[in-house]
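Q: Could you take a close look at a single part of this structure, one strand and what surrounds it, and then set that part in its wider context? I am new to this structure and would welcome a careful, connected account.

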Amino acid sequence: MTPPTAITTAALDVAALVRAVDVTGTGAVSTFIGLVRDNNLGRRVLHLEYEAYEPLARRGLDLILEEAREHWPAVRMLIHHRIGRMDIGEASVVIVAASPHRADAFAASRYAIERIKQIVPIWKHEYFDGGDVWVEGATADPDNAEAREKAMRIACA
Amino acid sequence: MRVTVRLFARLRDIAGAGELTRDAPSGANVGAVWASLVADYPELSAYEKSISCAVNADYSRFTAAVRDGDEVAFLPPVSGG
């Protein structure tokens, strides 16, 4: 059985992940797929290598599902994040949100990706034309209420 | 007492290892473990204000006490997604 959250080195099979969410009684499924982009901050990106603190990253994804469930109790969700080497165009993260109505499916999946970028201990090592760099985004703090509210504002905009 | 330190991404590159065993005085907190790392790897000090920490794979605080055998992780700003 496909778990609702996973950190995996395997390629993400989007269709299989969508099928893994129980859609009984729902009327909408929103699927977000994060892809490895061929450019970043003006650099030509060649490939990425993702690293995770796996046990905490998995907990982080579980926490995001709990937070989403609190706000959107009827939404059923799945988040799988891939780590390791990925080439341009490959899927790094898949979020599936199934809901009775579309608004909540869109909002919950947007909330989840914003929270991933805030609190899940995963890092991108970017190999670009001319060098490599660790990408550094947010200081992770799941207790930071302001960050959580910001994610919620973006999700519900 | 001894703790296992886990370092990730750029912090791992600076220290040259993702896992280190460190001695710490009894009653030491996470901040003291970090300070001892910075003493050995001064480049880490640039991360003083931006890192998060975890004890035994649970987010923690620099003021939290550590115990013998704990796994203490230091996390630079995250960039998943």
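A: What follows starts with one strand of chain A, moves on to a pair of helices and to the chain as a whole, and ends at the contact with chain B. The model is a predicted one, and the description should be read with that in mind.

The strand chosen here is β5 of chain A, which covers residues 76–82 and is mostly covered, seven of its seven residues being buried. In a regular strand the side chains alternate between the two faces of the sheet. In β5(A) both faces are covered, with A:R76, A:L78, A:H80 and A:R82 buried on one side, and with A:M77, A:I79 and A:H81 buried on the other.

Two pairings can be described for this strand. Strand β1 of chain A, residues 5–8, runs parallel to β5(A) and is joined to it by four bridges, and within this pairing A:I7 stands opposite A:H81. Strand β7 of chain A, residues 91–99, runs antiparallel to β5(A) and is joined to it by six bridges, and here A:I79 of β5(A) stands opposite A:I95.

Turning to the helices, α2 (residues 54–71) and α3 (residues 102–119) of chain A have axes that come within 10 Å and cross at roughly 145°, and the crossing is right-handed. From α2(A), the residues A:G60, A:I64, A:E67 and A:A68 take part, and they meet A:A108, A:Y111, A:A112, A:R115, A:I116 and A:I119 in α3(A). By class, this contact is made up of seven nonpolar residues, one polar residue and two charged residues.

These parts belong to a chain with four helices and nine strands, whose elements, read from the N terminus, follow the order β-α-β-β-β-α-β-β-β-α-β-β-α. The radius of gyration of chain A is 16 Å, close to the 15 Å that the globule rule gives for 157 residues, so the chain is as compact as a globular protein of that length. Of those 157 residues, 38% count as buried, and among contacts in chain A with a separation of 6 or more, 73% are between residues 24 or more positions apart.

Finally, chain A touches chain B through a contact that takes 24 residues from chain A and 17 residues from chain B. On the chain B side, α1 (9–15), β3 (52–55) and β5 (71–75) of chain B each supply at least two residues, and the residues of that side divide into 10 nonpolar, five polar and two charged.

Key:
Residues are numbered from 1 along each chain as its sequence is written. Chains are lettered from A and ligands numbered from 1 in the order in which they are written. This is a predicted model: local features need pLDDT of at least 70, side-chain atom pairs count only at pLDDT 80 or more; totals for chains, interfaces and linings use all residues. Axes are lines fitted to C-alpha atoms, for helices over the stretch in contact, and angles run from 0 to 180 degrees between N-to-C directions. A crossing is left-handed if the near helix is turned anticlockwise from the far one by less than a right angle, and right-handed if clockwise. Two residues are in contact if their C-beta atoms, placed from the backbone, lie within 7 Å. Ala, Val, Leu, Ile, Met, Phe, Trp, Tyr, Cys and Pro count as nonpolar, Asp, Glu, Lys and Arg as charged, and the others, Gly among them, as polar. The radius of gyration is taken over C-alpha atoms; the globule rule is 2.2 Å times the number of residues to the power 0.38. A residue is buried if 20 or more other C-beta atoms lie within 10 Å of its own, exposed if 12 or fewer, and partly exposed in between; C-beta atoms are placed from the backbone. Two strands pair if DSSP finds at least two bridges between them.
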